[in-house]
Amino acid sequence: MARSRREFLTRGLISLGALSLGPEIVTRVFQRSGHPSLPHGVDAAGIELKGQNDPFLKEAMFYKKLDNLRIECQLCPRKCRIADLERGYCGVRENRDGTYYTLVHSRPCSINADPIEKKPLFHFLPGTTAFSIATAGCNIECLFCQNWQISQFRPEQVKNYHLTPGQIANAAVQEACRSIAYTYSEPVIFYEYMYDTAIAGNPKKRPSMAAATVPEYSTSSPRLAPELTPATTISGSTSSKPVMARWTQSVGVPST
Ligand code: SF4
């Protein structure tokens, strides 16, 4: 279905305004999943992130253990070395007793149905919408980040929802979204959630895409790549350019 430039811009502006949560879509998604309203405990303000019973806690996929309960995260080129009870630069991964955890699995803070052209993809399922999600946190600090309200905050500092990968895949179908997008913040920081959701979306013919600043990560990309259909590269700000240059040089991928 062709979409006029005016319609695209209008929908883009609406989706920008809805970035913080996309309340209507969130309400629909939760109503369909059997919750009469937002489920208890979903709002991060009421969640004890430090508790061992955190339902969102999931061991990180890429890290190595060091001495004295320290770990080295191997998810992105920052390769943070983290002492016990500390977090990495992105603020969403925490060392607990020498085991490294992601705190944002199944914990999106932004949900919306965006035109796929906003990802930006022009020749992949044109004219359709992508079920778009993000979590709090980011591994870079672009000076003019338009999504700083989520990217520069930790999960306990923003309002979150609880949506499992399976619920995301179902919601994409119910919202007539032809694909699932990991976007708004740098999606590598919620890698495990992205990976599991991409796998959950495949049987439902909902291909996944990552709108990433640096789409290739030498350690983690090979495992994720088969699950993602397209990946797009977005230029970072002046502040992130030296970092991007180093990263893209180190992994052999030209930035755009
Ligand atoms: S993903 Fe986060 S914790 Fe891991 S290396 Fe990158 S910034 Fe550090």
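Two strands count as paired if DSSP finds at least two bridges between them. Helices (H or I, at least four residues) and strands (E, at least two) are DSSP runs, numbered from the N terminus. With those terms in hand, let's start the tour.

**Before you click**

Residues are numbered from 1 along each chain as its sequence is written. What you have open is a predicted model: local features need pLDDT of at least 70, side-chain atom pairs count only at pLDDT 80 or more, and totals for chains, interfaces and linings use all residues.

**Stop 1: the whole chain, coloured by pLDDT**

Show the cartoon, and 7 helices and 11 strands appear. Now colour by pLDDT, the predictor's confidence in each residue, from 0 to 100. The chain's average is 77, and 67% of the residues score at least 70. Which elements have the lowest and the highest mean pLDDT? Helix H7 (residues 241-251) is the lowest at 45, and E4 is the highest at 97. Select residues 242-256 as well: pLDDT stays under 50 there, and the model has 20 contacts beyond four places in sequence for them. A contact here means two residues whose C-beta atoms, placed from the backbone, lie within 7 Å. Across the chain, among contacts between residues at least 6 apart in sequence, 68% join residues at least 24 apart.

**Stop 2: strands E2, E3 and E4**

Select E2, E3 and E4, which form an open sheet in that order with antiparallel pairing. Its edges are strand E2 (63-65) and strand E4 (81-82), each pairing on one side only. Strand E3 (residues 71-73) meets E4 through 2 antiparallel bridges, and Ile-71 has Ile-82 of E4 as its bridge partner.

Next, pick the loop between E2 and E3, where you will find Asn-68 and Leu-69. Most residues other than glycine have a negative phi. Asn-68, however, has a positive phi near 55°, and Leu-69 has one of about 65°. For burial, count the other C-beta atoms (placed from the backbone) within 10 Å of a residue's own: 20 or more is buried, 12 or fewer is exposed, and in between is partly exposed. Asn-68 counts as exposed because it has 7 such neighbours; Leu-69 has 15, so it counts as partly exposed.

**Stop 3: the ligand**

Display the ligand and select its shell, taking a residue as near if its C-beta atom, placed from the backbone, lies within 6 Å of the molecule. Among the residues around the ligand are Cys-73, Cys-76, Cys-80 and Cys-90, along with Arg-78, Lys-79 and Arg-93. Asn-139 and Ile-189 also belong to this shell. By class, the shell holds 7 nonpolar, 2 polar and 3 charged residues. In this scheme Ala, Val, Leu, Ile, Met, Phe, Trp, Tyr, Cys and Pro are nonpolar, Asp, Glu, Lys and Arg are charged, and the others, Gly among them, are polar.

**Stop 4: strand E8 and its partners**

Move to strand E8 (residues 129-134), where 6 of 6 residues are buried. Thr-129, Phe-131 and Ile-133 point one way, while Ala-130, Ser-132 and Ala-134 point the other. Add strand E7 (residues 110-115), joined to E8 by 6 bridges in an antiparallel arrangement; Pro-115 stands opposite Thr-129. Then add strand E9 (residues 179-182), which runs parallel to E8 with 4 bridges; here Ile-133 stands opposite Tyr-182.

**Stop 5: Pro-187 and helix H5**

Follow the chain into the loop between E9 and H5 and select Pro-187. Is this residue buried or exposed? Pro-187 is buried, because 26 other C-beta atoms lie within 10 Å. Leaving aside neighbours within four places in sequence, its contacts are Tyr-182, Met-194, Ala-210 and Ala-212. A distance label between the C-alpha atoms of Pro-187 and Ile-133 should read 9.1 Å, although the two are 54 residues apart along the chain.

Just beyond the loop, select helix H5 (residues 191-201), with 9 of its 11 residues buried. Those buried include Tyr-191, Met-194 and Ala-198.

**Last stop: the largest nonpolar core**

A nonpolar core is a set of buried Ala, Val, Leu, Ile, Met, Phe, Trp, Tyr and Cys residues joined through C-beta atoms within 7 Å. The largest has 59 residues, and Cys-73, Phe-131, Ile-168 and Met-194 have the most contacts inside it. H5 gives the most to this core, with 6 residues. Finish by centring on Ile-168: beyond four places in sequence, it touches Phe-131, Ile-133, Leu-163, Ile-180, Thr-197 and Ala-200.
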